[in-house]
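Student: Please take one part of this model and go through it closely, then connect it to the rest of the chain. I would like the cut-offs behind each term as well.

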Amino acid sequence: MTQARATTPEPRLLRINEVAAETGLTTRAIRYYEEMGLLEPAARSEGDYRLYDASDLDRLQFIRGMRDDAGFSLAQIGQLLEDDAARERNRERYRTTGDPTERRAIVVDARERVERQIELLEAKAARLATMIDEAKARWRHLDAHLAELDGGPAPHPEPITRDGRP
């Protein structure tokens with residue numbers, strides 16, 4: 001009796017138009033991200049078409065979310081992606097060396113990268129907190145106008161001149 005060998009299905013590779021449709025990005029944006037070094041297609045077809053796999057789709061969704069939802073610049077996204085790739089490289093290097101000096105250098109590099117990420121994220125959070133405070137102030141101001149329309153005090157009383165006229 002022969003045993004059937006388990007075969008791992010080949011990863012599904014998509015052309016750029018399919019990726020664009022799936023991610024909601026334009027093909028131009030995808031090519032631009034490639035030019036910026038944010039993305040590298042998994043493969044190329046015999047006709048030299050870009051081919052993307054599931055990890056490329058995940059990366060594009062990450063880029064889009066960081067850009068659109070969190071408001072990060074492409075340079076900031078690039079730095080975050082590079083730090084993530086360096087973390088993977090450092091993890092492997094750390095596991096393969098027993099040299100304490102090299103391990104220390106790896107940990108120091110990783111720590112500096114995390115510190116930079118924290119600074120970037122805290123700066124973004126501070127800007128967002130300021131924007132939230134400004135929006136809440138506008139909200140309170142509009143509530144004051146509504147209160148005035150309902151018979152309350154005016155939010156901007158007209159200044160009174162010396163002769164008692166507004």
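Tutor: Ala144 lies in helix 5, where helices are DSSP runs of H or I with at least four residues, strands are runs of E with at least two, and both are numbered from the N terminus. The model is predicted: local features need pLDDT of at least 70, side-chain atom pairs count only at pLDDT 80 or more, and totals for chains, interfaces and linings use all residues. Residues are numbered from 1 along each chain as its sequence is written, and side-chain values use heavy atoms, with hydrogens and water left out.

Ala144 counts as partly exposed because its relative accessibility is 25%; buried means under 20% relative accessible area, exposed means over 50%, and partly exposed is in between, using a 1.4 Å probe and protein chains only. Leaving out residues up to four places away in sequence, Ala144 touches Pro153 and Pro155, contact being heavy atoms within 4.5 Å. Ala154 is ten residues from Ala144 in sequence, and their C-alpha atoms are 7.3 Å apart.

Helix 5 covers residues 100-149 and also holds Leu128. Together with Met131 and Ile132, Leu128 makes a nonpolar surface patch of about 280 Å². Patch members have over 30% relative accessible area and no salt bridge; like charges are joined within 9 Å, and nonpolar side chains (Val, Leu, Ile, Met, Phe, Trp, Tyr) within 5 Å. Areas come from the Shrake-Rupley method with a 1.4 Å probe, and for residues only the protein chains shown count as cover. Leu128 is partly exposed, since its relative accessibility is 40%.

Next, the charged pairs. Glu102 forms a salt bridge with Arg93, with 3.9 Å between the closest N and O atoms; the term requires a side-chain nitrogen of Lys or Arg within 4 Å of a carboxyl oxygen of Asp or Glu. Both partners are partly exposed, Glu102 at 31% relative accessibility and Arg93 at 37%.

In helix 4, the side chains of Glu88 and Arg91 meet in a salt bridge, with an N to O distance of 2.6 Å. These two residues are separated by about one helical turn because they are three residues apart in helix 4 (residues 74-96). Glu88 is partly exposed at a relative accessible area of 45%, as is Arg91 at 34%. In total, the rule gives twelve salt bridges.

A network of salt bridges links Glu34, Arg44, Asp48 and Arg50. Within this network, Arg44 and Asp48 meet through their side chains at 4.0 Å, N to O. Arg44 has a relative accessible area of 40%, so Arg44 is partly exposed. Asp48 sits in the loop between strand 2 and strand 3, and its phi is near 70°, a positive value in a residue other than glycine. Most residues other than glycine have a negative phi.

The strands around that loop belong to an open, antiparallel sheet of three strands in the order 1-3-2. Strand 1 (14-15) and strand 2 (43-44) are the edges, each pairing on one side only. Strand 2 runs antiparallel to strand 3 (residues 50-52), and two bridges join them; strands pair when DSSP finds at least two bridges between them. Ala43 has Leu51 of strand 3 as its bridge partner.

The largest nonpolar core has 21 residues, of which Val19, Ile30, Tyr33, Leu60, Ile63 and Ile77 touch the most other members. At least two residues of this core come from each of helix 1 (16-23), helix 2 (27-35), helix 3 (54-69) and helix 4. Such a core is a set of buried Ala, Val, Leu, Ile, Met, Phe, Trp, Tyr and Cys residues joined through side-chain atoms within 4.5 Å. Apart from neighbours within four places in sequence, Leu60 is in contact with Val19, Thr23, Leu25, Ile30, Tyr33 and Leu39. In soluble globular proteins, nonpolar side chains tend to be buried together.

For the whole protein chain, there are five helices and three strands, following the pattern β-α-α-β-β-α-α-α along the sequence. Of its 166 residues, 22% are buried. The chain exposes about 12700 Å², with carbon and sulfur atoms supplying 53% of that area. Among contacts between residues at least 6 apart in sequence, 45% join residues at least 24 apart.
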